[in-house]
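Me: Please take a close look at the backbone of this model, at the places where its angles are out of the ordinary. A plain account for a first-year student would do.

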Amino acid sequence: MHDPGDPGGSGDSGREDSLPGDPRSGDSGRNDSGRNDSETDASGMDHLPLGGDELEEELRRAAGLFDPVPAHLVEIAVAAFTVRTVDTELAELLFDSLAVAAAEPVRGGDQPRLLTFGWPGATIDLEITATGGRNRVAGQVLPPGPARIETRGARAVTVTADPLGRFALDEVLPGAFSVRCVRGPDAFTTEWITI
Amino acid sequence: MDDMSTSGLFQAAAQGDAEAWRALVLRLSPLVWSVVRAHRLPEADAHEVYQTAWFRLADNLSRIKEPDKVGSWLATTSRHECLKVIRHSGRVVPTSDTDVLSPVADDRSPETSVLEAEAAEQEADRLRQVWAAFELLSEGCRRLLRVLMATPPPSYAEVAAALGIAVGSIGPTRGRCLNRLRELLAA
C-alpha cells in the first residue's frame, strides 16, 4: 500500500479525494526526466500538443524570477533527512476528520480536528483545537498506560501521558507536527501532519 | 549528482545518502512549491505545506516502492495537505489574492542579480509582462499553468497528481490556457 498514489502510506488517500487523476489511475508511464511530448500516453491518448512550449518556457523563467522556492524552506527540507524516523517506528495516519469532511462544501475551523495513528499493537488519538494563532493538542495512547510523548521539530517538547495514556500539549505553533511516543521498550512516531 | 535521474537520487537517499537527498530536494522543490502555489494558500500555510510534504517523504523513504513516481507522490501529498488546510480554515480558495504570486518575493532568486545587467533588461521586461498577463487568467488556467511551469518541467502524471485531474484533460486545457495568455500578451 505504500505506493506513490498513497501519500504517507496511510491509506487515507483512498478515503478523501481520490479522483481519476490520482497517480494510480492517471500515470502516463513517463519517466521522471520530464515530459516527452512525442510519447503516446499509456492510457491510449494520442500525441500531446506541442504548441505553446515557448510561452510555457517563458512562464517557467518568470516563475523562477518572481516566485522562486524560498531558500530557507529548501534548507528545512534538506534538514528533514536528519530527523526522519526509523521505518519500523512510523505510525500511519488511519483517520483524519479533515479527510472525512471532504464532501462538505464549507467547514469552519471551530470544530476540533480528530486524528488516529496506528502502529502494530498501539494507536494514538489526537484532538487538535485551534485557539488564536496557537493549537491545543490533546491525545491518548491506547492501550492505556503511561508514556513519554515528544514532539518532533525545531521546538521539541516532552510531556508525560498519565496512566490512562492521556496527554496534552498547549500553545503548539502552526506548522508541520508529529509526536514520538516512548513506553517501555516500544517507540513509535506519527506521520507528519500540518496543523 | 545533478545529472543523476530523480529515481536514482531517490534510491540513493533511501539508502542513507544525505547528498542524494539534498539533490532530490533541489530537483523536486519547484514542483512541490508549484503545487502549493497553484492552490493559492496564504503565505504561511504555503510554507507549512511545503515542509510537511518533505518531512513526510523523508519518513517514507523506505516505503515507496516505485522510485520513478516520487514526483507524483510528492505532488499528491502536497495537494492533499493543501486541501486539508483549505478545509480546516473553512475558506474557499481565493480567486484574486494579490498577496499570492506577487512579483515581489521575499527570497530573490539568483537570477535577479544576473538580470541587473542591461542586456537582460529586455528579457526581464518581457517576463514581467508574461507574469502580469498570467495573473489575469482564470483561476483554472492559473492553477494548471502554475504547476506546468515548475522546473524541471513536470511529467503529465505529476501534473495530474498535483491537481487531482485526469492526465487526458491536461493537454487540451494547457493549449487553451496558453492561447488565452498569448491573446492577453498581444492585447
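Reply: What follows goes through the backbone angles, then turns to one helix end and to one chain as a whole.

This is a predicted model, in which local features need pLDDT of at least 70 and side-chain atom pairs count only at pLDDT 80 or more, while totals for chains, interfaces and linings use all residues. Residues are numbered from 1 along each chain as its sequence is written, and chains are lettered from A and ligands numbered from 1 in the order in which they are written.

Most peptide bonds are trans, and most residues other than glycine have a negative phi. Departures from both habits are found here.

Take the peptide bonds. In chain A, the bond from A:Leu142 to A:Pro143 is cis, with omega near -5°. A:Pro143 sits in the loop between strand 4 (134-142) and strand 5 (147-151) of that chain. Helices (H or I, at least four residues) and strands (E, at least two) are DSSP runs, numbered from the N terminus. In chain B, B:Thr151 and B:Pro152 are joined by a cis peptide bond with omega about -5°. B:Pro152 belongs to the loop between helix 7 (139-148) and helix 8 (156-163) of chain B.

Now phi. A:Glu171 is not a glycine, yet its phi is positive, near 60°. This residue lies in strand 7 (residues 166-172) of chain A. A:Glu171 counts as partly exposed because 13 other C-beta atoms lie within 10 Å; the cut-offs are 20 or more such atoms for buried, 12 or fewer for exposed, and partly exposed in between, with C-beta atoms placed from the backbone. B:Arg40, also not a glycine, has a positive phi of about 50°. Its place is the loop between helix 2 (18-38) and helix 3 (43-59) of chain B. B:Arg40 is buried, because it has 22 C-beta neighbours inside 10 Å.

B:Ala14 is in helix 1 (residues 6-14) of chain B. It has 19 C-beta neighbours inside 10 Å, and therefore counts as partly exposed. Apart from neighbours within four places in sequence, B:Ala14 is in contact (C-beta atoms, placed from the backbone, within 7 Å) with B:Leu61 and B:Ser62. From B:Ala14 to B:Gly140 the separation is 126 residues in sequence and 36 Å in space, C-alpha to C-alpha.

As for chain A as a whole, it has 4 helices and 11 strands. Of its 195 residues, 38% are buried. Among its contacts between residues at least 6 apart in sequence, 44% join residues at least 24 apart.

Methods
Contact = placed C-beta atoms within 7 Å.
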